[in-house]
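Visitor: Hi, I'm new to this one and would like a slow walk through it. Could you put it up on the screen so that we can talk it over?

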Amino acid sequence: MKDSLVTVFGGGGFLGRQVAQALMAQGARVRIAQRDLATAMKVKTLGNLGQTQFVAADIRKPDSVARAIHGSDVVVNLVGILAGDFDAFHHVGAANVAKAAAAAGATTLVHVSAIGADAESPSAYGRSKAAGETAVKAAFPSATIIRPSIVFGPEDQFLNRFADLISLFPVVPVIAPATKFQPVYVGDVADAIAHAAAQPGLYGGKTYEVAGPQVMSMKEINAWIARAIGRDKPLIDVPQGVASLLAMLPGGPISRDQLAMLGRDNVAAPGAEGLEALGVAPTPLGAVADKWMVRYRRHGRFAGRARA
């Protein structure tokens, strides 16, 4: 990877910054392609002088994508949304990136999808992710597809969101309490992507479901967070009917599509190749999360475990 130019779409985001750092650690030059470049400037301090480039790009616009990829050896697409026009970003946008990468003569493409990508998914999110994978494979057959489970880390919108709610309310309502997840550490996902980018001969043309070492239900995850921040509180299951009503509220705590997504477990398929196949040892939740979850305790890192 030394001196290779890697264009990373969505490289300024939560996962993107970790991916950029992992690539630069291998000696690559990294070009961050982002709609809003202001959100990507944190990457500049992660590399050496001249190791980072920045370009404004929107994967929905083919010309914009082609300009961003010009001269690249490797292309990584991390772009994903949780609300909005899923097909425009996950399907059409992914196709634009794959076609442009092929046209530019890039040797490697790593496309990040999601566990749950399925043409028959009850959620538009899952269906759009599946359509994106199909389009990527058609345009760039040797692409590596990475499907993460829920990704956690210091700036995530998963553990931190629940920790914030648990710290505020005396009782914790849990939607889809029995749905199972395999939370995966952001640093592990970034390393897996960097390894796939560096060795297309080994990983190209394959799909990997990257997940952590623990399978946990939504209720178990909330209970773990409550214990970790010293705020053990009653966890109340939200009935499906009530959850459906909440999903209908404008600006409610969950959208209809998110509720549909929670109707299926988000775990790696039996027998699927994952982090280990990509040369990464999965990190348990408890091994790293305490480093940032501590801020949700009553007196932060300077106190013992607080009582709820």
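Guide: Let us begin with Ala-176, which is buried because its relative accessible area is 15%. Please keep in mind that this is a predicted model.

Visitor: Okay, and where does Ala-176 lie?

Guide: Ala-176 sits in the loop that runs between S8 and strand S9, the latter covering 180-181. Its backbone also deserves a look, since Ala-176 is not a glycine and yet has a positive phi of about 55 degrees.

Visitor: What about Asp-3, what is its phi like?

Guide: Asp-3 has a positive phi too, of about 70 degrees, and Asp-3 is likewise not a glycine. You will find Asp-3 in the segment before strand S1, which spans 5-9.

Visitor: And is Asp-3 buried or partly exposed?

Guide: Asp-3 counts as partly exposed, because its relative accessibility is 49%, and the partly exposed class ends at 50%.

Visitor: Back to S8 for a second. Which residues does strand S8 cover?

Guide: Strand S8 is made of residues 172-174, and Val-172 is found in it. Val-172 counts as buried, because its relative accessibility is 5% and the cut-off for buried is under 20%.

Visitor: How far is Val-172 from Ile-236 in space?

Guide: From C-alpha to C-alpha, Val-172 and Ile-236 are 6.0 Å apart, although 64 residues separate them in the sequence. One can make a similar statement about Ile-81 and Tyr-125, which are 44 residues apart in sequence and 8.5 Å apart in space, again C-alpha to C-alpha.

Visitor: Where would I look for Ile-81?

Guide: Look in the loop between strand S4, residues 74-77, and helix H3, residues 86-103, where Ile-81 lies. With a relative accessible area of 15%, Ile-81 is buried.

Visitor: Since you mention H3, how does helix H2 pack with H3?

Guide: Helix H2, residues 62-69, packs with H3 at an angle of about 45 degrees, and their axes are 9 Å apart. That angle is why H2 is described as oblique to H3, and the crossing that H2 and H3 make is right-handed.

Visitor: What about H1 and H6, at what angle do they pack?

Guide: Helix H1, residues 14-25, and helix H6, residues 186-198, pack at about 50 degrees, with 8 Å between their axes. H1 and H6 are therefore oblique to each other, and H1 passes H6 in a right-handed crossing.

Visitor: New topic: charges. How many salt bridges are there?

Guide: The count comes to seven salt bridges. One of them joins Asp-58 and Arg-60, whose closest N and O atoms are 2.8 Å apart.

Visitor: Are those two residues buried or partly exposed?

Guide: They fall into two classes: Asp-58 counts as buried because its relative accessibility is 8%, whereas Arg-60, with a relative accessible area of 37%, is partly exposed.

Visitor: Which residue does Glu-133 meet in a salt bridge?

Guide: The side chain of Glu-133 meets that of Arg-147, at 2.8 Å from N to O. This pair links distant parts of the chain, with Glu-133 in helix H4, residues 124-139, and Arg-147 in strand S6, residues 144-148, the two residues being 14 apart. Glu-133 and Arg-147 are both buried.

Visitor: And Arg-297, what is its partner?

Guide: Arg-297 meets Asp-290 in a salt bridge, with 2.6 Å from N to O between the side chains. Arg-297 is buried, since its relative accessible area is 10%, while Asp-290, with a relative accessible area of 31%, is partly exposed.

Visitor: Which residues are joined into one network?

Guide: Glu-133, Arg-147 and Glu-209 are joined into one network, through salt bridges that share partners.

Visitor: Last thing, which residues make the nonpolar surface patch?

Guide: Leu-165, Leu-168 and Phe-169 make a nonpolar surface patch of about 290 Å². Of these, Leu-168 lies in helix H5, which covers residues 159-168.

Visitor: Is Leu-168 buried or exposed, then?

Guide: Leu-168 counts as exposed because its relative accessibility is 57%, and the cut-off for exposed is over 50%.

Notes: Residues numbered from 1 in each chain as written. Predicted model: local features only at pLDDT ≥ 70, side-chain atom pairs only at ≥ 80, totals over all residues. Heavy atoms only, no water. Patch = residues over 30% accessible without salt bridge, like charges linked within 9 Å, V, L, I, M, F, W, Y side chains within 5 Å. Areas by Shrake-Rupley, 256 points an atom, 1.4 Å probe, with all protein chains shown as cover. Salt bridge = Lys/Arg side-chain N within 4 Å of Asp/Glu carboxyl O. Helix = DSSP H or I, 4+ residues; strand = E, 2+ residues; numbered from the N terminus. Buried < 20%, exposed > 50% of the residue type's maximum accessible area, 1.4 Å probe, protein only. Axes fitted to C-alpha atoms, helices over the stretch in contact; angles between N-to-C directions. Parallel < 35°, antiparallel > 145°, perpendicular 65-115°, else oblique. Left-handed = near helix turned anticlockwise from the far one by under 90°.
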